[in-house]
Amino acid sequence: MPLALVHARYQLLEIVRIPVAVVGSAFFPAAAMLFFVVPFAGDDAVGATYATAAMVTFAVMSANIFQYGVGVAEDRDQPWNPYTRTLPAGPAPRLAGRILAGLVLTYLSMIPVVLIAAVATAARVTAAQFLLGLAAVAVISVPFTLLGMAIGYSLPSKAAIVVAQVVFFPLAFGGGLLSGPDDAPGFIKAVAPYLPTRGAVELIWAAVTDWWPDPRAMVMLVVWVVVLAAVAGWAYRRDEGRRFT
């Protein structure tokens with residue numbers, strides 16, 4: 001664990017040196033809050049709470065898909081990365097440190113969304129719901145972390161940027177993050193339960209409201225985690241093998 005914390009500290013220092021990485025992760029969810037949630041649902045306590053939870057999920061997606069998808073691919077191009085793979089500690093502390101750093105960035109990216117909701121909308125949650133929401137954020141980060149790693153370890157940095165962008169918005173739109181729980185168009189309602197974004201947002205809704213998650217979305221979220229873990233593991237092993245052959 002101390003080695004993982006060392007790696008996490010290193011990753012966070014790298015992020016802090018380029019603050020635009022943090023700003024970029026928080027920008028789109030905060031902009032969506034200002035332009036779509038505040039004008040159209042800001043005065044509705046229930047609607048604003050659901051919309052804020054969706055924007056929190058949006059922030060989790062943004063932070064993890066881009067931080068891992070692009071960040072891992074860029075790190076693979078640096079001479080420091082092959083050197084760390086030769087260290088006797090093995091890959092576990094390095095991966096654990098990256099995940100811890102990513103979780104910190106995820107929580108940082110949520111701050112603008114939560115502040116806008118508290119100041120400019122009628123969204124309200126209890127202290128217990130807020131804590132449950134924070135815990136749910138850590139859970140829903142898992143599939144998007146794995147997706148980012150699968151992209152980052154599979155592709156060179158220029159391709160990873162494009163793929164992350166191409167994947168991000170269809171998942172957000174298809175999962176129903178840009179509409180209310182029962183207000184999505186028919187084709188979105190049909191496909192949403194089978195996307196990881198829907199399971200993720202329903203967990204957040206369940207944490208901060210009285211929403212009861214769709215069992216299909218929960219099962220598919222687990223399926224996505226398993227599949228993405230397998231793909232990310234395969235991509236990592238393939239990249240490892242290429243560097244040492």
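## Methionine 61 and the nonpolar core

In this predicted model, methionine 61 makes contact with Phe66, Phe144, Phe168, Leu171, Ala172, Leu177 and Thr197, leaving aside residues up to four places away in sequence. The largest nonpolar core has 44 residues, and Met61 is one of those that touch the most other members, together with Met33, Met55 and Ile65. At least two residues of this core come from each of helix 2 (20-41), helix 3 (45-76), helix 5 (91-120), helix 6 (127-154), helix 7 (157-174) and helix 9 (196-208). The greatest contribution is that of helix 3, with 13 residues.

A second core, separate from this one, consists of eight residues, among them Val72, Ala150, Ala235 and Tyr236. In soluble globular proteins, nonpolar side chains tend to be buried together.

## Helix 9: length and burial

The 13 residues of helix 9 should span 18 Å at 1.5 Å a residue; the C-alpha atoms at its ends lie 19 Å apart, so the model agrees with the expected span.

Helix 9 is mostly covered, with eleven of its 13 residues buried. The buried set comprises Pro196, Thr197, Arg198, Gly199, Ala200, Val201, Glu202, Ile204, Trp205, Ala207 and Val208. Arg198 and Glu202 are thus listed as buried alongside residues such as Val201 and Trp205.

## Packing of helix 6 against helix 9

How are helix 6 and helix 9 oriented where they pack? Their angle is about 170°, and their axes are 8 Å apart. Because angles over 145 degrees count as roughly antiparallel, helix 6 is roughly antiparallel to helix 9. The crossing of helix 6 past helix 9 is right-handed.

On the side of helix 6, the contact is made by Gln129, Leu132, Gly133, Ala136, Val137, Val139, Ile140 and Phe144. Helix 9 contributes Pro196, Thr197, Ala200, Leu203, Ile204, Ala207 and Val208. Two of these participants, Phe144 of helix 6 and Thr197 of helix 9, are also contacts of methionine 61.

## The environment of glycine 199

Glycine 199 belongs to helix 9. Is this residue buried or exposed? Glycine 199 has a relative accessible area of 0% and is therefore buried, the cut-off for burial being under 20%.

Glycine 199 touches Ala217, Met218 and Leu221, residues up to four places away in sequence not being counted. Between glycine 199 and valine 222, which are 23 residues apart in sequence, the C-alpha to C-alpha distance is 8.8 Å.

Terms used. Residues are numbered from 1 along each chain as its sequence is written. This is a predicted model: local features need pLDDT of at least 70, side-chain atom pairs count only at pLDDT 80 or more; totals for chains, interfaces and linings use all residues. Side-chain values use heavy atoms; hydrogens and water are left out. A nonpolar core is a set of buried Ala, Val, Leu, Ile, Met, Phe, Trp, Tyr and Cys residues joined through side-chain atoms within 4.5 Å. Buried means under 20% relative accessible area, exposed over 50%, partly exposed in between (1.4 Å probe, protein chains only). Helices (H or I, at least four residues) and strands (E, at least two) are DSSP runs, numbered from the N terminus. Contact means heavy atoms within 4.5 Å. The expected span of a helix is 1.5 Å times one less than its number of residues. Axes are lines fitted to C-alpha atoms, for helices over the stretch in contact, and angles run from 0 to 180 degrees between N-to-C directions. Angles under 35 degrees count as roughly parallel, over 145 as roughly antiparallel, 65 to 115 as roughly perpendicular and the rest as oblique. A crossing is left-handed if the near helix is turned anticlockwise from the far one by less than a right angle, and right-handed if clockwise.
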